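Hi there,

Here is the structure I promised to pass on. Please have a look at it first, and then read on for what turned up.

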Amino acid sequence: MISIKGLSKSFGPLKALDDLTLEIGPGEVFGFIGPNGAGKSTTMKLLSCLIRPDAGTASVCGHDIAGDAGAIRRNVGYMPDFLGVYDDLTVDEYLQFFAAAFKIPRKQRAVTIGSVLELTDLVEKRHALVDSLSRGMQQRLGVARVLVHDPKVLLLDEPASGLDPRARIEMRSLLLELGRMGKSLMVSSHILSELAEMCTSIGIIERGRLLYSGSIEDAYQRTRAMGGSQGECVVVTLEADSPPPSTLEASLAGDDRVASVKASDADRTLRVHLTTPGISRHFVIERLAAAGGRIASFGIEEIKLEDAFLKLTTGALQ
Ligand SMILES: Nc1ncnc2c1ncn2[C@@H]1O[C@H](COP(=O)(O)OP(=O)(O)OP(=O)(O)O)[C@@H](O)[C@H]1O
Ligand SMILES: [Mg+2]
C-alpha cells in the first residue's frame, strides 16, 4: 500500500529525510517512532504530496507521489499533528466542510458523516463547537475528518499525543478497528509504548535515517541480542534510617560484575548497572547489608525498548 524507495528531503543544509526505504502492506498498522525532528512529519507530508522529495520515489496504492496528486489525495487520509480548528464551527459543519472539499455528493454526506461519527464515538458531539471539545475528542475528530472520503491509507501524525491514559485507550481501539477494516495505517509517535499494543510493525527513525523496521517482537529480540554485553540495572532503595547511599557506593565498586553505581542521597537510591545479563543479583544485597545498608526495596529497572534500541543502534552506526 505504501512503498518508499530512497526518499530524501533537505531543508537548506538540513537533511530532514535521508534515503528512506520502507514498505507497508494492506491492513498493516505501522508505528513510526522517533524523537523530535527525526523526519516523521516530513515523511507523511511527502506521502500526501504536500511537499516534494529531492530524491527517491514513493507510491501509495500504486500511485506515484510524483505523478497524479489527485489520485494520492483520494487514497490517502493525512491527519497533521495539529488540528486546524476553525472558529465557531460545529463538529457537523467541520465534517461537512471536508466532505464538500472531497466532493462527496451532497445527498451522501449525512450518511457518511453519521457513520464516521459513530466510528469515532462522537455522535453525541455532532452539534457541539469544535473548540469546545476535549483534546481526546479533537484528536478523534481529526481521525473522523480523514475518514470522510474513505481512504485506504491513513497517515496519522501523533494521534495519541497529549491524551490522558483513557483517551489513549480509546484512540488505540479506534485505530485497531481501522486496521481490522483493512486500512493501512502509518501512525507516528515519540514513544513506542504509546503505540506498541496496536502496531503490527514499527520503524524507528532518527535524524532522517531509518534505524530499524520490522515486527515489534523482532525488535525486542534484536535489542536483547545486541544488549548481550549489557546487564540489567538494579535499583535499591534504602530505609530512612540507613546510612546514605553515597557512603555505600564504595562497597560495590571494584567488583567486575558491576559496570557502574550511581547513588542519590536525595532519593535514597542506588542504581547498580551489572556487566552481564542473567547473573545472580544477590551479591548486591549482601554487599550493601554488610556495609550497614538497610534495604527498603530491591528491583530491576525495565529497559524501555525505544531507549535501548536507539542507544544500541546509533552505537552500532557510529
Ligand atoms: N518547512 C520546513 N522548513 C525548514 N525545516 C524544516 C521544515 N519542515 C521540517 N523541517 C526540519 O526537518 C527536520 C525533520 O522535521 P519533522 O517535522 O519531519 O520531524 P518529526 O519527526 O515530525 O518531529 P516532531 O516529533 O517534532 O514532530 C527538523 O529538523 C525540522 O526542523
Ligand atoms: Mg512531527
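Let me begin with a pair of strands. Strand β1 (residues 2–11) and strand β4 (residues 55–60) run antiparallel and are joined by five bridges. Within that pairing, I2 stands opposite V60 in β4. The two strands belong to an open sheet of four strands, ordered β2-β1-β4-β5 and paired antiparallel. At its edges are β2 and β5 (63–64), each of which pairs on one side only. As background, strands of a sheet pair through backbone hydrogen bonds, and they can do so in parallel or antiparallel fashion.

Before going further, please keep in mind that this is a predicted model.

**The chain as a whole**

The chain holds 11 helices and 14 strands. Along the principal axes, its C-alpha atoms fill a box of roughly 80 × 45 × 35 Å. Of the 318 residues in the chain, 35% are buried. If you take the contacts with a separation of 6 or more, 68% of them are between residues 24 or more positions apart.

The domain assignment splits the chain into domain 1 (2–225) and domain 2 (233–302). Between the C-alpha centres of domain 1 and domain 2 there is a distance of 45 Å.

**Around ligand 1**

This part may interest you as a chemist. Which residues come nearest to ligand 1? They are F11, A16, K40, S41 and T42, out of 13 residues around the ligand. Two elements give two or more residues to this shell, namely β2 (14–24) and α1 (40–47). The largest share, three residues, comes from α1. Sorted by class, the shell has seven polar, four nonpolar and two charged residues. Note that β2, one of the contributors to the shell, is also an edge strand of the sheet described above.

**Parallel strands**

Strand β7 (residues 153–156) has parallel partners. Strand β6 (residues 76–79) runs parallel to β7, and four bridges join the two; here G77 stands opposite L154 in β7. Strand β8 (residues 184–189) also runs parallel to β7, again with four bridges, and V153 stands opposite S184 in β8.

The side chains of β7 alternate: V153 and L155 point one way, whereas L154 and L156 point the other way, and all of them are buried.

**Nonpolar cores**

The largest nonpolar core has 63 residues. Which of them have the most contacts inside this core? They are F30, L47, L155, L185, M186 and V187. Helix α5 (residues 135–147) gives the most to this core, with six residues. Apart from this core lies another one, of 12 residues, including V234, L238, L252 and V284. In general, nonpolar side chains tend to be buried together in soluble globular proteins.

V187 is a good place to look at the 63-residue core in detail. Leaving aside neighbours within four places in sequence, V187 is in contact with V29, F30, G31, F32, L156, P159, L175 and L195. Among these, F30 is itself one of the residues with the most contacts in the core, and L156 is one of the buried residues of β7.

**V258**

V258 is placed in strand β12 (residues 258–264). Is V258 buried, exposed or partly exposed? V258 is partly exposed because 18 other C-beta atoms lie within 10 Å, whereas 20 or more would make it buried. Not counting residues up to four places away in sequence, V258 touches L252, A253, V272, L274 and T275. One of these, L252, belongs to the core of 12 residues. By contrast, V258 and L195 are 63 residues apart along the chain, and their C-alpha atoms are separated by 34 Å.

**Two backbone angles to check**

Finally, two aspartates have a positive phi although they are not glycines. D121 has a phi of about 60° and is found in the loop between α4 (106–119) and α5. With 15 other C-beta atoms within 10 Å, D121 is partly exposed. For D150, phi is about 50°, and this residue is found in the loop between α5 and β7. D150 is also partly exposed, with 16 other C-beta atoms within 10 Å.

I hope this gives you a good start.

Best wishes

Note on methods:
Residues numbered from 1 in each chain as written. Chains lettered and ligands numbered in written order. Predicted model: local features only at pLDDT ≥ 70, side-chain atom pairs only at ≥ 80, totals over all residues. Near = placed C-beta within 6 Å. Nonpolar A, V, L, I, M, F, W, Y, C, P; charged D, E, K, R; others polar. Contact = placed C-beta atoms within 7 Å. Domains from an automatic or database assignment. Pairing = 2+ DSSP bridges. Core = buried A, V, L, I, M, F, W, Y, C linked by C-beta atoms within 7 Å.
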